[in-house]
Amino acid sequence: MTTLKKSLAFVLVLVLCISLTVGATVAYLTDRDSAANIFTVGDVSIELSEKFEQGAKLIPGVDIEKIPVITNTGKNDAWVWLELAIPSALDNWNPNGEEGSNNNVIHWNPLGATTAGEDYSYVTEERVNKAIADGYLSGVTYEEIVKDNMTWDVFNNLVDNKGELGNAYTTTIKVGNRNVPYNVYVIPYNKALEPGETTLPTLYNIYLDSAVDIDPDGNWYKVVDGTATSLNWNVKTNGYPVIYVSAYAIQKESFNNVGEAYAAYQNQWAENGKEWGVAARVVGTAGELGTAVTSLGGEIVLADNIATNAQLNVNKDSVIYLNGYTITSNDPTKTMVNLNLVNLTIHGEGALLNTLNIGISNWGNLTLNDVNVGDVTASGVAINNAGTATINGGTFHSGNVVFSCADYPAKGTAGSITINDAEVNTTGTVFRSRVSGSNTSTIIINGGTFSTTGTMFSTMNGGQIIIQGGSFNQDPSAYLAEGYVATLTDGMYVVTKG
């Protein structure tokens with residue numbers, strides 16, 4: 001008898017990918033792009049963007065919002081299409097025929113689509129109006145969609161370069177050090193994009209089938225009427241699901257429709273036009289996180305709360321998605337995160353908790369987006385900065401100093417912190433700017449709410465604090481930028497432009 005867990009939550013990693021053979025002699029102007037990289041050939045250029053939370057938790061029966069669109073950023077009209085790749089073990093499509101979407105493990109729903117040809121039975125006025133009411137569509141009507149053919153043809157009859165149906169195919173994608181079989185869906189847009197024009201959304205959500213469950217060893221099953229059927233997927237050995245989304249484009253000229261354009265693209269590039277991006281690394285232990293930031297870099301997604309006894313030395317450009325989890329330092333003698341002359345971005349919601357020493361020591365370029373940094377006690381510093389730091393939201397606490405900024409004489413750099421938004425309620429010093437060498441350190445405050453029973457502002461040896469917004473429980477007048485005023489309202493000094 002197989003014992004299954006009754007609750008299930010996985011991390012879903014989405015990769016917007018691009019591939020291009022540089023330097024090839026081409027017959028047509030083409031492009032493939034992602035949200036992270038733009039590669040242009042001739043005057044055909046596209047940008048793929050998506051509303052999606054990287055590292056979103058994949059829970060059976062719960063929708064995850066996923067809305068990709070393609071924008072023509074070039075100078076030529078272009079036909080475009082999107083490819084959606086899902087691990088074959090979690091998708092029912094096969095080259096011998098469709099089994100029906102009810103057999104899928106990972107489901108996805110198109111926002112607008114047609115059947116083959118000019119059949120618009122799927123794009124109904126009711127569907128369009130619901131999409132508008134739900135906030136997925138705006139600035140367009142059902143009549144305009146039909147008139148201008150602004151539809152994604154999910155049920156298409158595309159033909160590949162071998163003369164075979166190309167609306168879906170199987171391939172193998174290298175994910176980390178694993179070769180994973182994938183089913184790939186090709187979804188063309190029926191209207192050629194003019195320069196500056198953006199497609200309507202392709203999809204609007206993705207979700208894990210409600211019948212999916214997992215046993216204590218990490219094996220996935222689909223349970224129907226009490227019978228558990230293995231899905232040949234183990235989260236411990238196969239990892240978390242990675243879904244790839246790629247966008248493609250080719251010039252409009254010479255082609256009457258997107259089907260002809262797709263066939264020409266396949267003839268031109270064949271398999272060389274099918275490369276996939278690097279998936280974010282999903283980490284759930286201190287060892288995995290340490291290896292990721294020290295030796296690997298790239299996008300890193302937390303899958304669990306992590307407690308570490310070691311300092312996290314960030315030696316590679318990294319983007320960390322806390323994904324609602326917490327990183328806690330168990331060693332009160334160590335800096336929690338040490339950023340060594342590289343780029344680090346951390347996205348919340350989540351927290352970095354340190355019991356005594358420094359939360360983040362930055363010697364590179366640091367960006368914090370809605371990250372909570374706290375539990376730094378009387379002798380510690382939440383953010384110790386000698387590089388460039390940008391704070392976009394989050395809460396911060398230290399019994400000693402919250403934001404400390406200084407120059408870096410050994411490298412000849414001037415430390416700077418730009419705070420666009422933050423919340424601080426503490427007993428220590430909130431802002432400290434000091435100069436150790438000959439370069440001026442600067443803290444610029446554009447917004448946020450700051451309260452302390454200790455010292456609000458401290459400048460040493462020519463360090464600067466410049467205030468252009470925010471609310472403070474102590475008078476900030478001495479540090480206001482030119483043209484700004486502070487008004488006392490309900491016990492807080494609110495800074496605005498005069």
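Here are some short exercises on the structure above, each with a worked solution.

This is a predicted model, in which local features need pLDDT of at least 70, side-chain atom pairs count only at pLDDT 80 or more, and totals for chains, interfaces and linings use all residues. Residues are numbered from 1 along each chain as its sequence is written, and side-chain values use heavy atoms, with hydrogens and water left out.

**Exercise 1: The whole chain**

Task: Find how many helices and strands there are in the chain, and what share of its residues count as buried.

Solution:
- Step 1. Start with the terms: helices (H or I, at least four residues) and strands (E, at least two) are DSSP runs, numbered from the N terminus. The chain has four helices and 39 strands.
- Step 2. Next comes burial: buried means under 20% relative accessible area, exposed means over 50%, and partly exposed lies in between (1.4 Å probe, protein chains only). Of the 498 residues, 51% count as buried.
- Step 3. Now look at the surface, using the Shrake-Rupley method with a 1.4 Å probe, where for residues only the protein chains shown count as cover. The accessible surface of the chain is about 21200 Å², and 47% of it belongs to carbon and sulfur atoms.
- Step 4. Finish with contacts, meaning heavy atoms within 4.5 Å. Taking contacts between residues at least 6 apart in sequence, 58% join residues at least 24 apart.

**Exercise 2: Salt bridges**

Task: Work out how many salt bridges there are, and sort the residues of three of them by exposure.

Solution:
- Step 1. Recall the idea: side chains of opposite charge can pair when their charged atoms come close. The rule used here asks for a side-chain nitrogen of Lys or Arg within 4 Å of a carboxyl oxygen of Asp or Glu. The count by this rule is four salt bridges.
- Step 2. Take Lys-147 and Asp-148, whose closest N and O atoms are 3.5 Å apart. Lys-147 is exposed because its relative accessibility is 69%, while Asp-148, at 32%, is partly exposed.
- Step 3. Move on to Lys-191 and Glu-197, with closest N and O atoms 3.0 Å apart. Lys-191 has 15% relative accessibility, so it counts as buried; Glu-197 is buried too, at 18%.
- Step 4. Lastly, Lys-222 and Asp-209 meet in a salt bridge at 3.9 Å, N to O. Lys-222 lies in strand 13 (residues 219–224) and Asp-209 in the loop between strand 11 (203–208) and strand 12 (212–214), so this pair ties together parts that are 13 residues apart in sequence. Both Lys-222 and Asp-209 are buried.

**Exercise 3: A sheet and a hairpin**

Task: Describe the open sheet that contains strand 13, then the hairpin of strand 38 and strand 39.

Solution:
- Step 1. Two strands pair if DSSP finds at least two bridges between them. Three strands form an open, antiparallel sheet in the order 12-13-14.
- Step 2. Its edge strands are strand 12 and strand 14 (227–234), each of which pairs on one side only.
- Step 3. Zoom in on strand 13 and strand 14, which pair in the antiparallel sense over five bridges. Here Val-223 stands opposite Ala-228 in strand 14.
- Step 4. Turn to strand 38 (residues 484–489) and strand 39 (residues 492–497), an antiparallel pair with six bridges. Thr-489 stands opposite Met-492 in strand 39.
- Step 5. Two residues sit between the strands of this hairpin, and Asp-490 takes a positive phi near 50°.

**Exercise 4: Nonpolar cores**

Task: Identify the residues that touch the most other members of the largest nonpolar core, and follow one of them to its neighbours.

Solution:
- Step 1. A nonpolar core is a set of buried Ala, Val, Leu, Ile, Met, Phe, Trp, Tyr and Cys residues joined through side-chain atoms within 4.5 Å. In the largest, with 65 residues, Trp-108 and Trp-220 touch the most other members.
- Step 2. Leaving out residues up to four places away in sequence, Trp-108 touches several residues, including Leu-84, Val-154, Tyr-185 and Asn-205.
- Step 3. A second, separate core has 48 residues, among them Leu-312, Leu-366, Val-373 and Val-424.
- Step 4. Go back to Asn-205, which lies in strand 11. Asn-205 is buried because its relative accessible area is 4%. From C-alpha to C-alpha, Asn-205 and Leu-111 are 8.7 Å apart in space, and they are 94 residues apart in sequence.
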